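Please open the structure in your viewer and keep the selection tool at hand. The tour below moves from one selection to the next and says what can be found at each stop.

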Amino acid sequence: MCTYNTVITELNGSAKGPSSKWFHVDHATVYYDHPVHAMAGHALNIDIADPSAGPGQRVALELTAESARALVQAIEDALAAVPPEIIAAG
Amino acid sequence: MTDTITARTVTIGSRDGTDIEAYLATADDAGRRGGVVVIHHMPGYDRSTKEITRRFAELGYDAICPNLYWRQAPGAEPSDAAAAVRAQGGVDDSQLLDDVAGAAAYLRGQEWSNGKVGVIGYCSGGRQSVLAACHLDLDAAVDCYGALVVGTPPPESNRPNLVTDLPSLGCPLLGLFGNEDRSPTPALVDELDQRLDDLGKPHEFHRYDGAGHGFFSPDRPSYSVSAANDGWERIETFYGTHLS
């Protein structure tokens with residue numbers, strides 16, 4: 001089905017996207033719906049983008065629900081392993 | 001049926017006065033003919049939808065697919081356009097009606113038009129096909145597994161169902177559904193069938209065991225050969241009856 005459900009979150013960082021160029025990103029769009037490329041009926045899709053540079057300026061991920069949860073856990077684990085003072089220092 | 005078709009990108013006027021891109025496929029030697037508006041699915045104005053549009057030309061129709069994402073993402077690669085539009089909340093129903101109305105008018109203005117125009121949509125486009133048939137001057141509509149036509153939309157959805165629109169359905173409706181689909185479920189297809197019966201609206205539903213959502217999509221794992229083949233035959237017969 002088309003879920004229509006879309007979650008948008010603000011970000012502050014960089015991504016490497018089209019033409020292997022780095023660019024600043026300020027938000028991510030997250031939704032569970034039909035993927036374009038992944039071999040699944042539905043996928044957890046993430047678009048990390050800079051809309052000010054046009055629709056093509058994005059990094060796109062299409063993940064199975066299981067692998068999306070694994071990615072979330074990996075991010076949490078990586079952050080948990082960092083001393084708080086280092087995170088605070090930026 | 002013809003092997004001689006012409007396909008190209010054109011600019012059409014939406015009903016609201018905006019010029020938008022569309023993909024036009026015409027049957028070159030079919031004589032006087034009907035037209036078909038193809039509504040692309042949420043992943044966009046993509047190759048598979050253009051293949052569908054060309055197939056209708058092979059069947060002897062003038063077919064057109066308006067790019068519903070042109071306003072927000074002109075010239076963008078289809079998946080990029082789909083992502084950009086999704087981030088902005090998607091295509092609202094009023095724009096959809098404007099674009100389909102513009103596409104239908106464009107088809108009726110073609111040299112060989114017989115004045116009859118049908119509409120077809122898949123997935124999100126299935127709901128939009130029903131919506132268009134409730135509000136526009138059309139001669140036949142096909143809903144391929146459209147969700148949110150009836151039933152209670154999930155809380156996060158920003159689209160209403162079409163229950164209050166159905167009394168305005170103005171043309172025959174062909175519905176094609178997979179019995180393994182979860183949206184719409186077979187129970188929701190039953191509900192739509194019953195509502196149309198109660199309203200006295202002409203409709204014809206076909207439902208396929210072993211097929212789920214998206215069974216017409218040859219480039220996706222949901223593709224079902226048997227359901228898609230039978231579905232295409234049903235569409236050909238339905239349009240042959242109502243667009244001739």
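Among contacts in chain B between residues at least 6 apart in sequence, what percentage join residues at least 24 apart? For chain B that share is 65%, and you should keep in mind throughout the tour that the model you are looking at is predicted.

**Stop 1: chain B as a whole**

Select chain B and colour it by secondary structure, and you should be able to pick out 6 helices and 8 strands, which follow one another along the sequence in the pattern β-β-β-α-β-α-α-β-α-β-β-α-β-α. If you turn the C-alpha trace of chain B along its principal axes, it spans about 45 × 40 × 35 Å. A compact globule with 244 residues would have a radius of gyration near 18 Å, and the 17 Å of chain B agrees with that. Of the 244 residues in chain B, 53% are buried.

Next, select residues 20-242 of chain B, the range that UniProt, in an unreviewed entry, lists as "domain: Dienelactone hydrolase". The C-alpha atoms at the two ends of this span lie 28 Å apart, and the span itself is 37% helix and 21% strand.

**Stop 2: strand 6 of chain B**

Now select residues 140-144 of chain B, which form strand 6; 5 of its 5 residues are buried, so this strand is largely enclosed by the rest of the structure. Look at its two faces in turn: Ala140(B), Val142(B) and Cys144(B) are on one side, while Ala141(B) and Asp143(B) are on the other, and all of them are buried.

Which strands are joined to strand 6 of chain B by bridges? Add strand 5 (residues 113-122) of chain B to the selection, and you will see a strand that runs parallel to strand 6 and is joined to it by 5 bridges, with Val119(B) having Ala141(B) as its bridge partner. To follow the chain from strand 5 to strand 6 of chain B, pass through helix 4 (residues 124-135), and note that this β-α-β crossover is right-handed. Then add strand 7 (residues 173-178) of chain B, which also runs parallel to strand 6 and is joined to it by 4 bridges; here Cys144(B) has Leu176(B) as its bridge partner.

**Stop 3: chain A**

Move to chain A, where there are 2 helices and 4 strands, arranged along the sequence as β-β-β-β-α-α. Its C-alpha trace spans about 45 × 30 × 25 Å along the principal axes, and buried residues make up 24% of the 90 residues in chain A. Among contacts in chain A between residues at least 6 apart in sequence, 35% join residues at least 24 apart.

Within chain A, select Glu76(A), which lies in helix 1 (residues 65-80). Is this residue, Glu76(A), buried or exposed? Glu76(A) is exposed, because 10 other C-beta atoms lie within 10 Å, and a residue counts as exposed if that number is 12 or fewer. With a distance tool, you can also check that the C-alpha atoms of Glu76(A) and Lys16(A), which are 60 residues apart along the chain, are separated by 22 Å.

**Stop 4: where the chains touch**

Finally, show both chains together and select the contact between them, which takes 20 residues from chain A and 27 residues from chain B. On the side of chain A that touches chain B, the elements that give two or more residues are strand 2 (22-33) and strand 4 (58-63) of chain A, and strand 2 gives the most, with 3 residues. If you colour this side of chain A by residue type, it divides into 11 nonpolar, 6 polar and 3 charged residues.

Technical notes
Residues are numbered from 1 along each chain as its sequence is written. Chains are lettered from A and ligands numbered from 1 in the order in which they are written. This is a predicted model: local features need pLDDT of at least 70, side-chain atom pairs count only at pLDDT 80 or more; totals for chains, interfaces and linings use all residues. Two residues are in contact if their C-beta atoms, placed from the backbone, lie within 7 Å. Ala, Val, Leu, Ile, Met, Phe, Trp, Tyr, Cys and Pro count as nonpolar, Asp, Glu, Lys and Arg as charged, and the others, Gly among them, as polar. The radius of gyration is taken over C-alpha atoms; the globule rule is 2.2 Å times the number of residues to the power 0.38. A residue is buried if 20 or more other C-beta atoms lie within 10 Å of its own, exposed if 12 or fewer, and partly exposed in between; C-beta atoms are placed from the backbone. UniProt positions are given in the numbering used here, feature names are shortened, and annotations may be inferred rather than shown by experiment. Two strands pair if DSSP finds at least two bridges between them. A crossover is right-handed if, with the strands pointing away from the viewer, the path from the first strand over the helix to the second runs clockwise.
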